[in-house]
Amino acid sequence: MKIATILGTRPEIIKLSPLIPLLEKQFTHILIHTGQHYDYEMDKVFFEELKLKEPNYKLNVGSHPQGKQTGIMLEKIESVLLKEKPNLVIVQGDTNSTLAGALAASKLGIKILHVESGCRSFNREMPEEINRVLTDAISSYLIAPDEQAVENLKKENVHGKIINLGSTAFDAALRIKIFVDSTPMKEEYVLLTLHRAENTTPEQLRSILGSLNELAKEIPIIFPIHPRTQKIVTDHNINISNIKSIPPTSYLKFISLLAHSKFCVTDSGGIQEEALVFNIPCLIPRNETEWMRLVDAGKNFLIGTEPKKIKNAILDLWSNEDKLQFIKEIQVDYPRNVSKNIIDMITGES
Ligand code: UD1
């Protein structure tokens with residue numbers, strides 16, 4: 001059996017990192033990198049740190065408007081698939097690389113396995129939501145991370161086979177956990193990340209960061225900046241002088257920062273799951289999340305996108321030790337060996 005895995009962005013590299021070596025062992029496997037992310041610290045550093053093989057194909061698509069980026073990927077991926085003729089294509093998550101990979105495979109009649117299937121924000125203004133819905137509609141094997149995702153897929157009457165195996169983000173975080181230095185940090189801090197389209201319009205970003213820059217006079221905030229966010233901060237002269245901003249970090253460095261933080265504030269999806277592995281509460285500056293299980297459990301909190309509310313939510317949790325302890329004592333389980341179970345599922349089907 002020949003399998004092609006298609007990826008292109010930082011979260012796909014991380015969440016597929018436990019699966020790729022297993023695919024390599026078991027099958028004839030080719031890795032296709034679209035090049036959606038291309039900076040060293042958004043791409044190569046993860047291949048090095050997570051000891052992944054070099055992609056067999058680097059498509060070097062780069063940054064473009066949404067449609068153009070997806071279109072170029074579609075064309076280039078199709079050529080590779082025509083040449084390699086895999087029996088199965090694996091895609092992960094909800095990026096433009098995910099959709100382009102799935103679409104190229106479906107047009108050639110190649111079966112698609114979608115990892116992290118069925119997640120929904122129910123916000124159709126997010127490009128990711130459209131990517132998820134469309135990818136799920138054309139996938140043959142839908143690997144759902146939880147029961148909620150299964151329910152979402154059933155409601156959409158998808159054609160493929162729905163299999164609830166859990167999220168590979170947990171495998172990835174557990175793999176790196178042993179390398180995290182357990183020495184406590186000298187100073188307490190909040191870890192911040194912001195990159196979603198809805199939070200990075202120049203007006204919204206100025207407003208949120210303006211508010212957090214004030215707060216950072218009292219509360220140490222560490223902020224690894226995504227290139228999209230950095231570009232807007234620079235182009236629009238947004239003052240973040242009190243916030244400790246740093247370039248995007250490697251996975252181990254980020255996980256170490258997360259594990260030692262008092263809590264984190266993030267609009268990323270993957271970090272909401274990683275935070276659970278290290279029992280770090282998450283404040284989510286969004287109105288909805290695909291990971292409602294963790295919000296319902298009382299571990300993570302949707303705090304909206306209004307700057308004042310974000311600031312107050314941070315201040316409240318920072319100064320309320322009892323509340324923080326209460327959240328930390330809530331037990332939420334998560335599945336293990338998800339990647340291995342995906343391999344077993346593929347073997348069983350072939
Ligand atoms: C993409 C995904 C998003 C995911 C995120 C993780 C889509 C629609 N969105 O968003 O779901 O959460 O990746 O990071 O696919 N840039 C660089 N260097 C890079 C990559 C990007 O400078 O290596 C800059 C470019 O200016 C680019 C901008 O960041 O225009 C946005 O990058 P893009 O890949 O289009 O989307 P992300 O915001 O990263």
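## A ligand and two parallel sheets

By class, the shell around the ligand is made of four nonpolar, nine polar and five charged residues. Here Ala, Val, Leu, Ile, Met, Phe, Trp, Tyr, Cys and Pro count as nonpolar, Asp, Glu, Lys and Arg as charged, and the others, Gly among them, as polar. A quick word on the ground rules: this is a predicted model, where local features need pLDDT of at least 70 and side-chain atom pairs count only at pLDDT 80 or more, while totals for chains, interfaces and linings use all residues. Residues are numbered from 1 along each chain as its sequence is written, and side-chain values use heavy atoms, with hydrogens and water left out.

Back to the ligand. Of the 18 residues around it (a heavy atom within 4 Å), Q36, H37, D39, E128 and R228 come nearest. Helices α4 (66-84) and α10 (227-235) each supply at least two shell residues, and α10 gives the most, with three. Helices (H or I, at least four residues) and strands (E, at least two) are DSSP runs, numbered from the N terminus.

The table lists some polar contacts, meaning pairs of N or O atoms within 3.5 Å.

| Residue | Protein atom | Distance to a ligand oxygen |
|---|---|---|
| Q36 | polar side-chain atom | 2.8 Å |
| Y38 | polar backbone atom | 2.9 Å |
| N96 | backbone N or O atom | 2.9 Å |

Taken alone, the ligand exposes 740 Å², and the protein buries 87% of that (accessible areas by the Shrake-Rupley method with a 1.4 Å probe).

Now for the sheets. One is open and has seven strands, in the order β3-β2-β1-β4-β5-β6-β7, with parallel pairing; two strands pair if DSSP finds at least two bridges between them. At its edges sit β3 (57-58) and β7 (161-164), each pairing on one side only. Inside this sheet, β1 (residues 2-7) and β2 (residues 28-33) run parallel and are joined by six bridges, and L7 stands opposite H33 in β2.

The other open sheet has six strands, ordered β10-β9-β8-β11-β12-β13, again with parallel pairing. Its edge strands are β10 (244-246) and β13 (300-302). Neighbouring strands here are turned by 20 degrees against each other on average, direction ignored. Axes are lines fitted to C-alpha atoms, for helices over the stretch in contact, and angles run from 0 to 180 degrees between N-to-C directions. Strand β9 (residues 221-224) pairs with β10 over three bridges, with F223 partnered by S245 in β10. Helix α14 (residues 307-318) packs on this sheet, touching β8 (190-193), β11 (263-266) and β12 (282-284), where contact means heavy atoms within 4.5 Å. The direction of α14 makes about 170 degrees with that of β11.

Notes: A polar contact is a pair of N or O atoms within 3.5 Å; within protein, one must be able to donate a hydrogen and the other to accept it, and residues adjacent in sequence count only if both atoms are side-chain atoms.
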